[in-house]
Amino acid sequence: MTAPAALLDRLRDIVGRRKVLTAPRATARFREGYRTGSGAALAVVLPGTLVELWRVAQACVAADVSIIMQASNTGLTGGSTPSGDDYPGGVVIISTVRLKGIHLVRDAEQVVCLAGATLNELERALLPLGREPHSVIGSSCLGASVVGGVCNNSGGSLIQRGPAFTQLALFGMIGDDGSLSLVNHLGIDLGNEPEAMLHRLDTGAFGAAEVDGCSDRWAHDRSYVSHVRKIDSDRPARFNADSRCLFEAAGSAGKLIVFAVRLDTFPKEEGSVTFYLGTNDPAKLTTLRRTILGTFEHLPIAGEYMHRAVFDIADRYGKDMFAAIKRIGTARLPHLFAAKARFDSWARRLGPAGAHLSDRLMQRIGRVLPDHLPRRMRDYRDRFEHHLILKVPGSAAAATRALLASQFDDAASGFFECTAQEAADAFLHRFVAAGAAVRYRAVHAGEVEDIVALDIALPRNARQWVEELPDDIAGDILHRLYYGHFFCHVFHQDYIVRKGVDPLALEHRMLEILDARGAEYPAEHNVGHLYHAKPVLADFYRSLDPTNRFNPGIGHMPRNRHWKQIT
């Protein structure tokens, strides 16, 4: 489908000719998801200011095209890329990567992040002030945006903070009459005229007196710290369709144009201690989780689980990423991924020989790099099937040490207290796991049909969390990769599917098993084009976008204009 010439001319007038991409090779990295999903687009537009974003949105609404908002395109469910080409009016992707900007407010106890600000940029801005954002490391390594985390109910690894959430945002929405309006629920007096408001926010032209305290509105999920402790509840602690955390921008998944969000920051935890645990008896980890959540005064900071199979895949297929993060830091990684995308675009011209060429080259580099994991971690890999990285505040260190000594000091279990370097390496090893599965698929394309990646939340009272698959399903899978945020009972379950097996049929069988276990899914990524939006989420999407103009088709919902015409 060709974009209307008048629309392209208008978009070029707004952002400049070089920031409107239409050639397939130029748009490829915006049209293809990090792990899954791809489709056609009329154009990709890269506005450089919030005012330009507003004008681009107005032009697209006037032209009656479908709009997909995209931040860093680091999602795992294809929720910020097109899926196919059957969109009403065709798709324009609006990328926010140029819309940087972070404003510290209320003595840095809160921040206002513009649409393209990344987690890594926020982390670096807060570091000198002794404060932290809601999420640290994890997807921040890949350049994930702050706004994307809020819009997708991303969870993060930090036990006390829950899913990314705020009730304070500035966003554009389309009403029942099809008109675009700007809604200021940011709690900052910016005036009433949209372009003047957006310019003031972009440039930080507002003072402390114009920032309302907003004590009645939340800038993070304040209740989560008590919510996660309810270990006898048959409901999961956090998941994408949880009505607790669906509010305007929060959980909107591209159904609004979010210009900025306001979030709480947190004091950096000093004196924390990290323990590395291994066991061959998963019941020991169950008891540990219930004891700490149910009886400890101070909750852990993080508790990251890895099965031995994930340890091995991340060890071999995430080694170069581990080295890149450790040696060049997270700040330069988005540039590395952009360069990889450009290389992949060029390599496609080589035909089959160019398929996954960058991944194959990077894998070869990884093989010659020196061993990157601490000796004690390697020893635990050989001895134990289940691994847990447990980080606790200094106030809980003594109690945790005593509990571990009483429960994890036998032939089937063990623990050690990490040095600072061991702790950093352990967490980094855990967080390259998802990318390692993607690399495995690329390197072994002749053996792998695809990856079925499930993102699940088990009930808080579940004691049997280790999955047992029927033989007929297990035989269709080359590798089963289990890892996740153990104390929240949120797990990532990646299945590397044997060549010739239908991944969609396999996924449907997996979901039937999860339904029987009382699981919710997805847990901390949006539904994208992999999952069906459950009724509460579908109703939420309809309320935000009554004309179905933004990201139509997400969650396997209809793509027709105007929900009221859909039966």
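Helices (H or I, at least four residues) and strands (E, at least two) are DSSP runs, numbered from the N terminus. With the whole protein in view, that assignment gives 19 helices and 18 strands. The radius of gyration, taken over C-alpha atoms, is 23 Å, close to the 24 Å that the globule rule (2.2 Å times the number of residues to the power 0.38) gives for 567 residues, so the protein is as compact as a globular protein of that length.

The model is a predicted one, in which local features need pLDDT of at least 70 and side-chain atom pairs count only at pLDDT 80 or more, while totals for chains, interfaces and linings use all residues. Residues are numbered from 1 along each chain as its sequence is written, and side-chain values use heavy atoms, with hydrogens and water left out.

**The whole protein**

Keep everything displayed and orient the C-alpha trace along its principal axes, where the span is about 70 × 60 × 50 Å. Buried residues (under 20% relative accessible area, with exposed meaning over 50% and partly exposed in between, for a 1.4 Å probe and protein chains only) make up 58% of the 567 residues. If you draw the contacts (heavy atoms within 4.5 Å) with a separation of 6 or more, residues 24 or more positions apart account for 76% of them.

**Select His386**

His386 belongs to strand E14, which covers residues 386–392, and with a relative accessible area of 3% the residue is buried. Display Tyr305 as well, since a polar contact of 2.7 Å joins the two side chains, His386 and Tyr305; such a contact is a pair of N or O atoms within 3.5 Å, where within protein one must be able to donate a hydrogen and the other to accept it, and residues adjacent in sequence count only if both atoms are side-chain atoms. Leaving aside neighbours within four places in sequence, the residues in contact with His386 include Leu277, Gly278, Thr279, Met306, His307 and Trp465.

**Select His485**

Move next to His485 in strand E17, a residue that is buried at a relative accessible area of 5%. Its side chain makes a polar contact of 2.9 Å with the side chain of Glu524. Beyond four places in sequence, His485 is in contact with residues among which are Gly156, Ser157, Arg238, Glu304, Arg430 and His492.

**Select Gly475**

Gly475 sits in the loop between helix H17 (471–474) and strand E17 (477–485), and it is partly exposed, with a relative accessible area of 39%. For a sense of distance, add Ser95, which is 380 residues from Gly475 in sequence and 41 Å away in space, C-alpha to C-alpha.

**Backbone stops**

Most residues other than glycine have a negative phi, and most peptide bonds are trans. Ala108, although not a glycine, has a positive phi of about 65°; look for Ala108 in the loop between strand E5 (102–105) and strand E6 (110–114), where the residue is buried at a relative accessible area of 9%. Cys214 likewise is not a glycine and has a positive phi, of about 50°. Cys214 is in the loop between helix H6 (194–203) and helix H7 (224–227), and at 3% relative accessibility it counts as buried.

Finally, select Tyr521 and Pro522, which are joined by a cis peptide bond with omega of about -10°. Pro522 lies in the loop between helix H18 (503–516) and helix H19 (535–544).
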